[in-house]
There are 2 protein chains.
Amino acid sequence: MSDTELTIDGVLCGAATAGIKASGNPDIALFHFPDGASWSAVTTRHQLKSAAVRWTEQLKRSSPRRPIKAIVVNSGNANACTGDDGPKAAKAMARAVSQTLDCDEHEVLVSSTGVIGVPLPLHKIRAGIPAAAGSLTASGWDDCAAAIMTTDDGSKVFTLPVQLADGSAVGKVSGIAKGAGMIAPNMATMLCYLCTDVEALPSELDDVLQTAVNHSFNRIIVDGDQSTNDTVVLVATGKSQAKVLEREELVQALEKAVQAVCQELALMIVRDGEGARRIARITVEGALSDTDAEIVAREIGSSPLFKTALYGADPNWGRIAMAAGKTNVVLLEEMLEIEVGGVMLFRRGENLAAENLAEAEQAMQQDTVPIRVRIGKGNGAATVWASDLGYEYVRLNAEYTT
Amino acid sequence: MSDTELTIDGVLCGAATAGIKASGNPDIALFHFPDGASWSAVTTRHQLKSAAVRWTEQLKRSSPRRPIKAIVVNSGNANACTGDDGPKAAKAMARAVSQTLDCDEHEVLVSSTGVIGVPLPLHKIRAGIPAAAGSLTASGWDDCAAAIMTTDDGSKVFTLPVQLADGSAVGKVSGIAKGAGMIAPNMATMLCYLCTDVEALPSELDDVLQTAVNHSFNRIIVDGDQSTNDTVVLVATGKSQAKVLEREELVQALEKAVQAVCQELALMIVRDGEGARRIARITVEGALSDTDAEIVAREIGSSPLFKTALYGADPNWGRIAMAAGKTNVVLLEEMLEIEVGGVMLFRRGENLAAENLAEAEQAMQQDTVPIRVRIGKGNGAATVWASDLGYEYVRLNAEYTT
């Protein structure tokens, strides 16, 4: 994906190397919206929130309708579990950006990712911000995507047009993301920044973003649900020239595009999940509600026994049944169906593994293995994506010591 | 522990090789209580219950006060996900025992563990039961413990006296157990059989057993919470000659002994957890309730990131904080304390890892690493035991294919 494809009218981006990361890789990313932009954010529900997350949440609470002028992100330090110094450092980051870009500090969102429990090296960040500002350009997306990386193998960018039902484009959505994964003592976080040139109100962006996150980042399972710093931001510059008469149609088109971009970025994250060899797309059907289906799908996707079988390309339907039955969601053995890679292995009390094993083993060699489980007679359904668990995961997480 | 130490008056045990296990190891265990015994059982809450579990549950519902005469256990086949044939096979097992030992089939508890989704080979079991009966002896405990094993590295037996407050013994409790762990397509299960010669009513045994299980088997974390076949049984023969005037004192003494035996067996299970190198004893304090503390302790013990750090002996307090904050239980950063191996690494917003790291690394080399986490100002506390996650776990679970 080329940088010009990613450009969004009204958005400048840049990055710099401030020396926060021990690796010496770029570690400051800066978005600038010179004419302002409406925005929304979804932040972690973790009990220990990074000071950066609290800064963003406070802006959202106190002045949700005030346009923002910038977003600054540092990698290499999470500014989490940093006591009273944390909020001061987050505010100082916003202030440094406001001074550099000549705006108010309350027009600047802040994110951090990296080591936890270590004070933010503010002097490095203060030097890095003007450097990042000096590199601002309409096509700096890839640089920003690289600067927010921690344990990711590669940077993650994606863009799509915002299309009305008749197929006509009325704008674009571009996004960058970084994945979830921890290497001691770095605590990596899920971060995502999405920009569109469509015009939208903050309240519209709230709905669009929450729906998109629920159907993308909240449906992937690497090794945990959330971290102290998780943040997804959506900003709208309103620079698109396209006129749409029907407000509702525009918002629907935006929602569709944002969700699709989030899903692509989420899949990049799960595929990049700490040493992942392959991923599973787990669909649970026949539940009494979509929520029940999601609970069961998550339990399967989180099961170490399922994840090691996925790594070993072992079509072990027993482990799927085991994980599926562990929750409080009612599961009827006489309705239970388990399909692996499109191959039926268990159907309503009947074990079909013997005759279908070779075919299922073949199907499990795919990069993405579809798993389908029917648990009852209801209409509730949900899909989650999960990475596998293999030697590389253990190597990354056990052998890298503090 | 010698077989004579384990003997319980009124209990005979034996085992046989029926050819259910592919390995050719013993796979039928039989307990006989010639004069009957009162009993209680705690069974899995899994949504897919083995037919054997359903047989036991049905006896407990329909005739809880009727003494039992025998318990039969087969390993190598779980009789779970076996459709309509499952309950018939479980009943046929009970009947085969009742015919061999000349009692009623409703006086026989049944357990199964092993492969799921495969019909129970009844002809083999029918041949094995008389063979096991032929080997019945007061000192057959070790043979029984070996016959119920599936993926366990070693058999698990333990015994303790039932002691009053003044230290006088009024009886004994002996138990055998097998651990939780899955090797495709074998689905291993947690099974435990406890016998005492103390006299106790079924209702007393219910309370004693539920409390003991809550503080032992329900506090260990290998790789999942429960399986289709998990069963813990406590039987009391009443053969002890000791007279105790105070009923309440006797029940308290029994509860103490049963809980201690269960805790020892539970620790043997977690230590034997699929390739475990070391285990963690995780204590969470300062919660608003014991339940809240247990939720947080479980989240830490289940976290693959914590478990790999444990394997790597990495005193990574960040991963502990991360897991602890993932639940809905309120966690106050300003009260948060994290101690690893007795070494304080994080205290109320202050990261002490730098100065204490070497000491903590040393402490993590222990077989059992104590982890203490304070999350707030409350009085709720709980302890769980968790195994680590390393290469051996992946090898066992990914490379063994169906």
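## A walk through chains A and B

Start by selecting chain A, which holds 12 helices and 17 strands. Keep in mind that this is a predicted model.

**Stop 1: chain A as a whole.** Zoom out and turn the C-alpha trace: along its principal axes, it spans about 70 × 55 × 35 Å. The radius of gyration is 22 Å, which agrees with the value near 21 Å that a compact globule of 402 residues would have. Colour by burial and you'll find that 61% of the 402 residues in chain A count as buried. Now switch on contacts between residues at least 6 apart in sequence: 79% of these join residues at least 24 apart. A surface view of chain A shows about 14,500 Å² exposed, with carbon and sulfur atoms supplying 47% of that. If you like charges, pick out the 36 positive and 50 negative ones in chain A; their mean positions lie 4 Å apart.

**Stop 2: the open sheet of chain A.** Select seven strands in this order: β10-β17-β12-β16-β13-β14-β15 of chain A, an open sheet with mixed pairing. At its edges stand β10 (220-221) and β15 (350-351) of chain A, each with a single partner strand, so one side of each has no neighbour in the sheet. Next, go to residues 337-340 and 343-347 of chain A, which are β13 and β14: they run antiparallel and are joined by 4 bridges. For a pair to centre on, try Ile338(A), whose bridge partner in β14(A) is Phe346(A).

**Stop 3: the open sheet of chain B.** Hop over to chain B and select its open sheet of 7 strands, ordered β10-β17-β12-β16-β13-β14-β15, again with mixed pairing. The edge strands here are β10 (220-221) and β15 (350-351) of chain B; each has a single partner strand, so one side of each is left without a neighbour in the sheet.

Now select β12, residues 279-287 of chain B. How many of its residues are buried? The count is 7 of 9, so β12 of chain B is largely enclosed by the rest of the structure. Look to its partners next. With β16(B), β12(B) pairs in the parallel sense over 7 bridges, and Glu285(B) stands opposite Arg374(B) in β16(B). With β17 (residues 380-387) of chain B, β12(B) pairs in the antiparallel sense, also over 7 bridges; there Ile279(B) has Ser387(B) as its bridge partner.

Stay with β16, residues 368-374 of chain B, and add β13, residues 337-340: the two run antiparallel with 4 bridges between them. Val340(B) sits opposite Ile371(B) in β16(B).

**Stop 4: strand β11 of chain B.** Select residues 231-236 of chain B, where 6 of 6 residues are buried. Both faces are covered: Thr231(B), Val233(B) and Val235(B) lie on one side, with Val232(B), Leu234(B) and Ala236(B) on the other. Bring in β2 (residues 28-43) of chain B, which runs antiparallel to β11(B) and is joined to it by 6 bridges; Val42(B) stands opposite Val232(B). Then add β9 (residues 191-196) of chain B, which pairs with β11(B) in the parallel sense over 6 bridges. In that pairing, Leu191(B) has Thr231(B) as its bridge partner.

**Stop 5: helix α9 of chain B.** Finish at residues 304-311 of chain B. Is this helix enclosed or open? Enclosed, largely: 8 of the 8 residues of α9 in chain B are buried. Among them are Phe306(B), Lys307(B) and Tyr311(B). After α9(B) comes Ala313(B), with a positive phi near 55°.

Methods
Residues numbered from 1 in each chain as written. Chains lettered and ligands numbered in written order. Predicted model: local features only at pLDDT ≥ 70, side-chain atom pairs only at ≥ 80, totals over all residues. Heavy atoms only, no water. Rg over C-alpha atoms; globule rule 2.2 N^0.38 Å. Buried < 20%, exposed > 50% of the residue type's maximum accessible area, 1.4 Å probe, protein only. Contact = heavy atoms within 4.5 Å. Areas by Shrake-Rupley, 256 points an atom, 1.4 Å probe, with all protein chains shown as cover. Lys, Arg positive; Asp, Glu negative; His and termini not counted. Charge placed at Lys NZ, Arg CZ, Asp CG, Glu CD. Pairing = 2+ DSSP bridges.
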